[in-house]
Amino acid sequence: MMNITIPYVKVKFDEFNRLIFSGRLPEIQVQLSNAKTFLGQCVCKKRLAADGRPEYYDFKLKINTRITLSDQELEDTIIHEMIHYYIALNRLEDVSSHGPVFIRLMNEINRNFHRHISVSFRGTQAQREEAVDTRSRYHVVAVVLFADGSSGIKVLPRILPKILNYHRGILKDKRVSQVQFYMSNHPFFNRFPCSSALKVHLLKQSDFIDYLCDAQKIEDILPVLCSSSKITGRYSFSSIRSSFNV
Ligand SMILES: [Zn+2]
């Protein structure tokens with residue numbers, strides 16, 4: 001589906017409202033988005049109602065136009081957001097955004113209307129590539145090697161004290177055997193958050209090493225500068241996002 005437009009989304013909303021929700025969903029404001037991380041979103045404001053329970057208002061349906069979806073994927077995304085809309089409007093309590101209430105409604109709709117709605121959309125390789133920022137920008141990439149053979153990376157700002165802090169903080173963990181720093185402008189690294197947080201994105205070396213082949217290694221000036229140790233930060237691991245939120 002190329003060239004998604006607001007009128008098109010509204011037509012689909014009306015169609016599924018009649019077909020699936022008996023026409024009970026009020027008209028909703030539709031926005032298109034170029035975001036990299038979600039396919040659809042149903043956003044709203046929250047206030048306390050007279051009965052003391054939260055109520056939701058000012059709903060907006062956001063649909064992603066960055067990632068090329070098939071007609072079916074786009075329709076399933078719209079219906080997915082309509083389930084969120086239905087749950088919030090009716091103040092159905094669920095334990096999380098895709099909790100048992102959501103799943104029950106989703107499964108019912110999939111069964112009755114032959115849809116393929118899911119709670120996370122992994123996408124094809126091509127769709128994941130569309131989510132990537134392809135601008136060429138220089139980053140400092142820390143490659144963290146662990147004693148057990150695993151590895152990871154962290155994209156850092158190009159600010160020496162922040163690089164030093166990261167180096168010092170990460171080496172405090174006995175599981176870390178080595179940290180190397182590179183300057184790279186490969187767009188592959190754009191997908192990782194650039195910050196000085198003490199984090200490591202776990203990644204097999206074979207999954208990133210090719211992107212560093214023409215990177216410039218930042219030589220070992222760092223250990224010399226890192227003798228003082230004021231840093232006591234803890235760091236955390238995360239796996240890279242490989243699916244889109246819906
Ligand atoms: Zn959702």
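This passage describes the fold, the nonpolar cores, a helix pair and several individual residues of one protein chain.

The structure is a predicted model. The protein contains 7 helices and 11 strands. Of its 246 residues, 23% count as buried. Long-range contacts were also computed. Among contacts between residues at least 6 apart in sequence, 75% join residues at least 24 apart.

In soluble globular proteins, nonpolar side chains tend to be buried together. In this model, the largest nonpolar core comprises 21 residues. Those with the most contacts inside this core are F13, I78, I79, M82, I83 and I109. Four elements, α1 (6–20), β3, α2 (71–89) and α3, each give two or more residues to the core. Helix α2 gives the most, with 7 residues. M82 illustrates the contacts made here. Leaving out residues up to four places away in sequence, M82 touches F13, F16, F21 and L25. Another core lies apart from this one. This other core has 17 residues, including V140, V144, F181 and V200.

Two packed helices are described by the angle between their axes and the distance between the axes. For α2 and α3, the axes come within 10 Å. The axes cross at roughly 130°. An angle of this kind falls outside the parallel, antiparallel and perpendicular classes, so α2 is oblique to α3. The crossing of the two helices is right-handed. On the α2 side, the contact is made by I79, I83 and I87. On the α3 side, these residues meet V101, F102, L105, M106 and I109. The contact of α2 with α3 involves 8 nonpolar residues, no polar residues and no charged residues. I79, I83 and I109 thus appear in two settings: they belong to the residues with the most contacts inside the largest core, and they take part in the contact between α2 and α3.

Two lysines were examined individually. K12 lies in helix α1. There are 20 other C-beta atoms within 10 Å of K12, and the cut-off for a buried residue is 20 or more, so K12 is buried. Setting aside neighbours within four places in sequence, K12 is in contact with E75 and I78. I78 is one of the residues with the most contacts inside the largest core. K12 and L74 are 62 residues apart in sequence, yet their C-alpha atoms are 9.6 Å apart in space.

K199 is placed in strand β8, residues 199–202. K199 has 19 other C-beta atoms within 10 Å, and a buried residue needs 20 or more, so K199 is partly exposed. Along the chain, K199 and G152 are 47 residues apart. Their C-alpha atoms are separated by 9.4 Å.

Two residues other than glycine have a positive phi. D58 has a phi near 55°. D58 sits in strand β3, which spans residues 54–64. There are 10 C-beta neighbours inside 10 Å of D58, and 12 or fewer count as exposed, so D58 is exposed. H114 has a positive phi of about 55° and is not a glycine. H114 lies in the loop between α3 (100–113) and β4 (120–121). H114 has 7 C-beta neighbours inside 10 Å and therefore also counts as exposed.

Technical notes
Residues numbered from 1 in each chain as written. Predicted model: local features only at pLDDT ≥ 70, side-chain atom pairs only at ≥ 80, totals over all residues. Core = buried A, V, L, I, M, F, W, Y, C linked by C-beta atoms within 7 Å. Contact = placed C-beta atoms within 7 Å. Axes fitted to C-alpha atoms, helices over the stretch in contact; angles between N-to-C directions. Parallel < 35°, antiparallel > 145°, perpendicular 65-115°, else oblique. Left-handed = near helix turned anticlockwise from the far one by under 90°. Nonpolar A, V, L, I, M, F, W, Y, C, P; charged D, E, K, R; others polar.
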